[in-house]
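These are my notebook entries on a structure that I had not examined before. I set down what I looked up, in the order in which I looked it up.

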Protein chains: 2
Amino acid sequence: MAAELTAHQLIAQHRPTLDQALEAIRTRAYWSPHPEHPKAYGEDGSLDLAAGKAAFDAVLNTRLDLDQPGTDDWVGGEVSPYGIALGVTYPHADVDVLLPAMKAGQGAWRDAGAEVRAMVCLEILKRISGRTHEFAHAVMHTSGQAFMMAFQAGGPHAQDRGLEAVAYAYAEQVRTPGTAEWSKPQGKRDPLALTKEFTPVPRGIALLVGCNTFPTWNGYPGLFASLATGNAVLVKPHPRAVLPLALSVSVAREVLTEAGFDPNLVALAAERPGEGIAKTLATRPEIRIIDYTGSTSFGDWLEANARQAQVYTEKAGVNTVIVESTDNYKGMLSNLAFALSLYSGQMCTTPQNLLIPRDGIRTEEGHKSYDEVVTGLAAAVGGLLGDDARANGLLGAIVNPDVKARLEAAAGLGEVALASREIVNPDFPEAVVRTPVLVKLDGARKYWDGADSDAAYMSECFGPVSFAVAVDSAADAVDLLRRTIRDKGAMTVGAYTTDPEFEQGIQEACLEECAQLSLNLTGGVYVNQTAAFSDFHGSGGNPAANAALCDGAFVANRFRVVEVRRQA
Amino acid sequence: MAAELTAHQLIAQHRPTLDQALEAIRTRAYWSPHPEHPKAYGEDGSLDLAAGKAAFDAVLNTRLDLDQPGTDDWVGGEVSPYGIALGVTYPHADVDVLLPAMKAGQGAWRDAGAEVRAMVCLEILKRISGRTHEFAHAVMHTSGQAFMMAFQAGGPHAQDRGLEAVAYAYAEQVRTPGTAEWSKPQGKRDPLALTKEFTPVPRGIALLVGCNTFPTWNGYPGLFASLATGNAVLVKPHPRAVLPLALSVSVAREVLTEAGFDPNLVALAAERPGEGIAKTLATRPEIRIIDYTGSTSFGDWLEANARQAQVYTEKAGVNTVIVESTDNYKGMLSNLAFALSLYSGQMCTTPQNLLIPRDGIRTEEGHKSYDEVVTGLAAAVGGLLGDDARANGLLGAIVNPDVKARLEAAAGLGEVALASREIVNPDFPEAVVRTPVLVKLDGARKYWDGADSDAAYMSECFGPVSFAVAVDSAADAVDLLRRTIRDKGAMTVGAYTTDPEFEQGIQEACLEECAQLSLNLTGGVYVNQTAAFSDFHGSGGNPAANAALCDGAFVANRFRVVEVRRQA
């Protein structure tokens, strides 16, 4: 079959983008080729707001036929957190047919080489980018994110993370040259001479286990890192968030076909309710790489049981912000209020524990007692979310009943400094919309310094729940931070301090316990947001995640290099 | 304490070497800063032959006091395969004291940064290089390698592999800049601006579990990769091969001290007979990285149980050479004879299974039957080892009674084409010196194509044992090769063929099954030898080893990058 997209065309179109991405991960300056503003779309064949909505509406209540081999049934039952039953059905795979079919095209994909693979990946991302408005609705109606967040985090930011993974994968593969002439002097005799060929080879089939809250953002790094390194990729979405990844798979198969490769290099594994197909797939011998985002318990299970695979997990952590002092009290409170509110705190990066000395903090407005700080923060959240329309735009919807139950239970854990408020979304009256609850807890050392602390703040309480933890001293806050990272993991750490020595102590704690630290954020950057090409998401060095997005370690072991040497 | 070796001095002396190493791993052309010829030593403070021997003799029957904290006893009982009791005792550690002491200096080591760490590692290697003659005796009298091999493989080649690991570790750490300014445009508003700091941080304490046969060659990559990435390293040598690694630890501690760092960043864990300390150490929470070379069973145990650590294993494989055709029959036979004989076949890279079509092969001398090829190979080995002095220089000594027992049992597995011969080493009459045995086996497909083949050639028979396996066809040889790699792993694959199509088929098999291939070697390069900076040792993609020496994957996950960001 003659490819519609030749390598030459792909390189001409995408190589400059790859080179910019390679430069960005080297300098870690700001860069993105994917516009964040909804109005930026509609040119160059991309879907504008109306066309994106129409495309989303057109897919509802249809069968998304990906033309996959081994399809033995059609499954699906997604109900949007906003109340809409999506009505989309997806292929259910007979994996004994699908997995062998996915291997068939791997030889040609391997032989295409690192550059062409990267170019194909960039074409996939470009087409996804052109459908960002459509994907935004798909992400919104599976994750419960508000539209603007679904648009940005599920669109350009996710595409950035995918491109970043492609750049890392490409760079890693070309560190070793394709060929080398080796000539070793032998004194007066002729040198020993060998011709060597080096080929990056895939590990096998990669399994992507998607999550409910960020199907594209957390899915694209593993998907593209594995594909760019020559592996076939089987995408197993969360049963409540199939559509965004199914559409991604559809685009990937379309581009692979047009570029002359086997579309089965990327396939979808949707499942019946309660089928729990991830466990079955994860231990299949064909699966040699797994990327997973989700609960600690299943992440731990994968690490323990999927021994035939490289397993990259992002699990749960307990994120801490230490409030020791500030020279911008209002800026601190409003920054924190936003971080606690965004997507109803349903981000793995949302702060949970705010450690505040019980005798208060220094600010440019003078001393503030613990109670004043907590009251101030409650007021800041209340102000931010006081207008229901604005609140709906920030909070989105509660993603599932478990989160709602946790939120409701949290009020019983301590004194409620800010009660959760129910908000009606006029466009989607069935959506469960809640403002965050802020609960005061006593963080005296005696409550957490034992061997097995059962303090509420020592467990992750995923959702719009934060704890204002009164600690005995600022030094205790650092000790509790260390202990929390070490025992529970952390995706993010934040701190506010004007004391250089104290700041140094927090930095040392984060370096030793291996957690990413944001200091004194008071403006438009938030502790729970990272930017691809510049910020690392997670550290890979504490229990919250065994990998970071994105670095060399995330890609280096997805392929191996085979050397063929012969006498020259 | 003022450092005797300043960073400035170290950089001035070693940075050019590091830069050359970085260039070599990029081009993979021949390069080494460590001379292979014994006569090259003796200048610049390095020990010459006589001084090296004297230094080795001086350490015999002494206590090697490394001045380590928590030393609760002195242990040692090495007996050379050449019959000498070394009489050296080493510190036995109370690990509850030693491990915390090893962490004490990690902050300063981390803060020194990637370049200074690399320079300190290069200084360690330089001092080891200067004592190559002394190390050669230590390697010879623990591994049983003949002197010349112990000198080269245990000296410059091991040092090359250590330096290669340092180069990879350095390159990996500097891929992310130390600092970055990030500025994101916000339309008409001021850009969002952050200052970011990125610090490579160690995982913790690394454990090196050394092997009996190549204590330095297999030990240095992990040791230096971990140290260069900021980790402290605890060296647990094989009880029969302590001295080479104990001397290495001694040099490392000396250099660390002189450079102003804590010597406890590198420590030795020698053990009492039967203590089995590796299992205890490997599951300690402080141990976050493990490098291991040895049996498959313990390697598998480590991978399954040392879950808190990154585990890099080189285990056992079954190495195959396919003989399909050749245009240099004598060259092929003599090349293979050398590969089978070197160090009595006690290399993880020695070919075991020689797959030969039962109806013979094409050569430039005409058709050769299976029996002719086997007889020819037997004659080549016999000729190579016909002179006892030369045989002693090639074979070395049998490293332990297990290898001798396997060798003796092998003669019962099939028709013996070449019997093992006992050779006396006049210098060391107690040494067990044996020539290889070559056994003919029937490799008809019916004997290996079942689910659980118990054919002798499907198990590793470590030592001077090779099987001339008669296969039904050349195509079957490739199928058996694939099956052997997939089920048993392979460190090396060799093949002889003049048929481009057949060659292509073998290459495809090696690419798909992930094994390193040497084609048509007939000169002075052997399938069981690799050169640092150019050849990969193992692939990391088949059951013989989960890592290769050396690549990005070998170093990338030994450290993590912690980011600290603050508003600009």
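Entry 1, strand pairing. I began with the term itself: two strands pair if DSSP finds at least two bridges between them. The model is a predicted one, and I read every entry below with that in mind. I then looked for pairing between the chains and found that strand E20 (residues 517–519) of chain A pairs with strand E21 (residues 559–567) of chain B. The sense of this pairing is parallel, and it runs over 3 bridges. I also noted which residue faces A:Leu519: the residue opposite is B:Arg566, in E21(B).

Entry 2, extent of the contact. I asked how many residues each chain gives to the contact. Chain A gives 76 residues, and chain B gives 76 residues. I recorded a buried area between chain A and chain B of about 6000 Å². Carbon and sulfur atoms give 47% of that area.

Entry 3, polar and charged links. I looked up the salt bridges between chain A and chain B and found a count of 14. One of them joins A:Arg175 to B:Glu172, with the closest N and O atoms 2.6 Å apart. For polar contacts across the interface of chain A and chain B, I noted 43 residue pairs, both residues being at pLDDT 80 or more.

Entry 4, the side of chain A. I asked which element of chain A supplies the largest share of the side that touches chain B. Strand E21 (residues 559–567) of chain A supplies it, with 8 residues. By residue class, I found this side of chain A to hold 33 nonpolar, 21 polar and 22 charged residues.

Entry 5, symmetry. I superposed the copies on paper: a turn of 180° and a shift of 0.0 Å along the axis lay chain A on chain B with an RMSD of 0.0 Å. I therefore entered the relation as that of a two-fold axis. In chain A, the C-alpha nearest the axis belongs to A:Ala553, at 3.3 Å from it. I further noted that 100% of the interface residues of chain A are also interface residues in chain B, so the copies meet through the same surface.

Entry 6, backbone details. I found a cis peptide bond from A:Leu549 to A:Cys550, with omega near -10°. A:Cys550 has its place in the loop between E20 and helix H19 (552–556) of chain A. In chain B, I found B:Leu549 and B:Cys550 joined by a cis peptide bond, with omega about -10°. B:Cys550 lies in the loop between strand E20 (517–519) and helix H19 (552–556) of chain B. Lastly, I looked up A:Asn520, in the loop between E20 and H19 of chain A. Its phi is near 55°, a positive value in a residue other than glycine.

Conventions. Residues numbered from 1 in each chain as written. Chains lettered and ligands numbered in written order. Predicted model: local features only at pLDDT ≥ 70, side-chain atom pairs only at ≥ 80, totals over all residues. Heavy atoms only, no water. Contact = heavy atoms within 4.5 Å. Buried area = accessible area lost by both parts, 1.4 Å probe. Salt bridge = Lys/Arg side-chain N within 4 Å of Asp/Glu carboxyl O. Polar contact = N/O pair within 3.5 Å; in protein donor to acceptor, adjacent residues only side chain to side chain. Helix = DSSP H or I, 4+ residues; strand = E, 2+ residues; numbered from the N terminus. Nonpolar A, V, L, I, M, F, W, Y, C, P; charged D, E, K, R; others polar. Least-squares fit on C-alpha atoms with pLDDT ≥ 70 in both.
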